[in-house]
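Trainee: Could you take me through one part of this model close up, starting from a single residue and working outwards? I'd like to see how the pieces around it connect.

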Amino acid sequence: GQTMLVFFYGRFPLHIVLFYPATMYLTNVAMENLGLDTIAHSCAVALADVAVDVPFDILGIKFLWWTWHDTDPNIFDRHYSVPWTSYVFHMAFAFALSFLFRVTWNSLVGDRKKLTSLSGILRT
């Protein structure tokens, strides 16, 4: 089966544009409240993103939202019919994106308390 709205000649479904950034953002915000350092935060975001994505990937196979080619040796090893490389991709991309955002944020703004005090000054 194919999704209703697909871009780039049937190779780029809409859920890639909407669902994946939403899960990365939500897991990033959820892990932000743990108060971890940059590396631990990025690892937590990566694990949480995969935890959110696992049911989606498995249901996608079950309901024929997409299929994986059986002949490709890169996706031969699978977990509930989903290639391990899918999970590795989600982990690596969520980690890299979270790490990049956190490092950029720390270099531009610095401490979060400083931003809070600045926002208090701007409100008055």
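Mentor: Sure, let's start at Y20, which sits in helix α1, residues 14–32. Keep in mind that we're looking at a predicted model. Y20 has a relative accessible area of 12%, and since anything under 20% counts as buried, that's what we call this residue. Its ring isn't on its own either: F19, Y20 and F56 make up one aromatic cluster. Follow the fold from there and you get to A94, which is 74 residues away from Y20 in sequence, yet the two C-alpha atoms are 9.6 Å apart in space.

For orientation, step back to the whole chain for a moment. There are 4 helices and 4 strands, and they come along the sequence as β-β-α-α-β-β-α-α. Of the 124 residues in the protein chain, 26% are buried, and Y20 is one of the buried ones.

Now on to helix α2, which I'd spend some time on. It covers residues 38–62, 25 residues in total. From first C-alpha to last it reaches 36 Å, close to the 36 Å expected at 1.5 Å a residue. That doesn't rule out a bend, mind you: at D53 there's a kink of about 30°, and the proline P55 follows shortly after it. Towards the end of the helix, have a look at K62, which still belongs to α2. With 60% relative accessibility, K62 counts as exposed. Its C-alpha lies 8.9 Å from that of S81, with the two positions 19 residues apart along the chain. Just after α2 comes L64, where phi turns positive, at about 60°.

Next, the partner of α2. Helix α3, residues 84–108, packs against α2 at an angle of about 145°, and the two axes are 8 Å apart. The crossing of α2 past α3 is right-handed. Sort the residues of that contact by character and you get 14 nonpolar, 7 polar and 4 charged.

What links the two helices at the level of single residues? One pair to look at is A51 and Y87, which are 36 residues apart along the chain but have their C-alpha atoms separated by 9.3 Å. A51 is part of α2, and at a relative accessible area of 52% A51 is exposed. Y87 is another matter, with 6% relative accessibility, so Y87 counts as buried.

Y87 also brings us back to aromatics, where the structure holds 6 pairs. In the pair of W84 and Y87, the ring centres are 5.8 Å apart and the planes stand at 75°; over 60 degrees is edge-to-face, so that's the label this pair gets. Both residues are in helix α3, and because they're 3 residues apart there, about one helical turn separates them. The two rings belong to residues with contrasting surroundings, though: W84, at 44% relative accessibility, is partly exposed, whereas Y87 is buried.

So that's the route, from Y20 in α1, along α2 with its kink at D53, and over to α3, where W84 and Y87 pair edge-to-face.

Note on methods
Residues numbered from 1 in each chain as written. Predicted model: local features only at pLDDT ≥ 70, side-chain atom pairs only at ≥ 80, totals over all residues. Heavy atoms only, no water. Helix = DSSP H or I, 4+ residues; strand = E, 2+ residues; numbered from the N terminus. Expected span 1.5 Å × (residues − 1). Bend = angle between axes of the 7 residues up to and from the residue. Buried < 20%, exposed > 50% of the residue type's maximum accessible area, 1.4 Å probe, protein only. Axes fitted to C-alpha atoms, helices over the stretch in contact; angles between N-to-C directions. Left-handed = near helix turned anticlockwise from the far one by under 90°. Nonpolar A, V, L, I, M, F, W, Y, C, P; charged D, E, K, R; others polar. Phe/Tyr/Trp six-rings, centres within 6.5 Å; stacked < 30°, edge-to-face > 60°.
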